[in-house]
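Trainee: Hi, could you walk me through this one with me?
Mentor: Happy to, let's pull it up.

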Amino acid sequence: MKPPPFEYHAPTEISEAVRLLATLGENGRPLAGGQSLMPMLNLRLARPHAVVDLNRITSLAYHRLDGDTLVIGALCRQRDIEKDEHVLARCPALPDAMPLIGHIGIRNRGTVVGSLAHADPSAEWPVLAVLLDASLEIESTAGRRSVAASQFFKGLFATDLSPGELVVEARFQLPPAGAGSAFVEVARRHGDFALGAAAAVVMLAADGNVAEARLALGGFDSVPVRATPEPAAAAAAVHPVDDIHAPAAYRRKLAQTLARRALELATERARQKAAA
């Protein structure tokens with residue numbers, strides 16, 4: 001199928017893009033990597049009157065480490081993170097997750113911020129954002145505001161964004177150097193949408209016992225969930241539903257299994273760092 005007709009705009013500045021989006025309101029959609037929007041257009045699941053292509057706004061094509069914060073601009077491709085060994089070394093959950101995101105062609109074009117704004121609860125980046133206390137910088141003609149990832153996701157493909165607003169940056173708080181982290185998921189085939197995912201961060205005390213643990217789950221609820229870092233309790237707190245891919249009972253059991261695997265792997269990595 002081909003997409004329905006739409007106006008095409010290609011601004012070169014952020015201010016121009018947000019003015020266009022403010023004028024278009026609910027009739028305009030921003031385009032960055034297009035790995036979510038273009039299939040939706042082709043399948044007629046989205047019918048915007050206009051598309052605002054961000055790819056000429058080169059000031060948004062960046063990522064950097066700012067102390068313990070990973071700062072990612074709206075045009076940073078997922079593959080840019082996957083190839084940055086310095087960034088990946090800071091948080092093993094990132095190199096765990098990157099190869100699981102579709103296929104390399106998707107990661108070459110798809111953007112990190114675009115995945116967050118699309119808000120698929122089974123996608124990898126939203127789970128990582130909730131795990132790593134990310135915040136999103138949102139621009140509009142009224143100015144800029146920041147919202148925590150835990151408050152950004154409102155439901156299935158639904159976010160805190162209002163018409164005319166644009167996510168221009170995401171800021172991930174990386175765990176301390178001595179922490180262990182992990183990301184695990186189950187999908188029917190490599191590159192498919194995950195049936196469920198879990199990500200964890202574990203920090204050890206001086207005596208080798210766990211001092212702090214974090215757990216996030218994706219694919220088991222309408223939003224990615226920051227869960228109690230205890231597998232059974234985490235699984236009991238999510239609300240999976242039956243669908244064509246798996247029954248709810250299977251997904252609840254999967255939530256417990258993946259939570260345990262992520263916490264165990266993160267703990268093992270933290271202990272390896274402590275022993276090094």
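**Strands, a helix and cysteines**

Mentor: Let's start in β5, where Ile72 is the bridge partner of His63. Keep in mind that this is a predicted model.

Trainee: Okay! Which way do β4 and β5 pair, parallel or antiparallel?
Mentor: Antiparallel: β4, residues 63-66, and β5, residues 69-73, pair over 4 bridges.

Trainee: And how many residues sit between β4 and β5?
Mentor: There are 2 residues between them, and the two strands form a hairpin. Gly67 in the turn has a positive phi of about 65 degrees.

Trainee: New topic: helix α8. How many of its residues are buried?
Mentor: Helix α8 spans residues 124-131 and is mostly covered, with 8 of its 8 residues buried. Among them are Trp125, Val127, Leu128 and Leu131, and Glu124 is on the buried list too.

Trainee: What happens with the phi of Asp133, just after α8?
Mentor: Asp133 takes a positive phi there, about 50 degrees.

Trainee: Switching to cysteines, how many disulfides are there?
Mentor: The count is 0. Cys76 is in no disulfide, and its nearest cysteine sulfur, in Cys91, is 15 Å away.

Trainee: Why can't Cys91 bond to Cys76?
Mentor: Because the closest cysteine sulfur to that of Cys91 is the one in Cys76, and at 15 Å it is too far for a bond. The cut-off for a disulfide is within 2.5 Å.

Trainee: Is Cys76 buried or exposed? And what about Cys91, buried or exposed?
Mentor: Cys76 has 1% relative accessibility, so it counts as buried. Cys91 is buried as well, with a relative accessible area of 0%.

Note on methods:
Residues numbered from 1 in each chain as written. Predicted model: local features only at pLDDT ≥ 70, side-chain atom pairs only at ≥ 80, totals over all residues. Heavy atoms only, no water. Buried < 20%, exposed > 50% of the residue type's maximum accessible area, 1.4 Å probe, protein only. Pairing = 2+ DSSP bridges.
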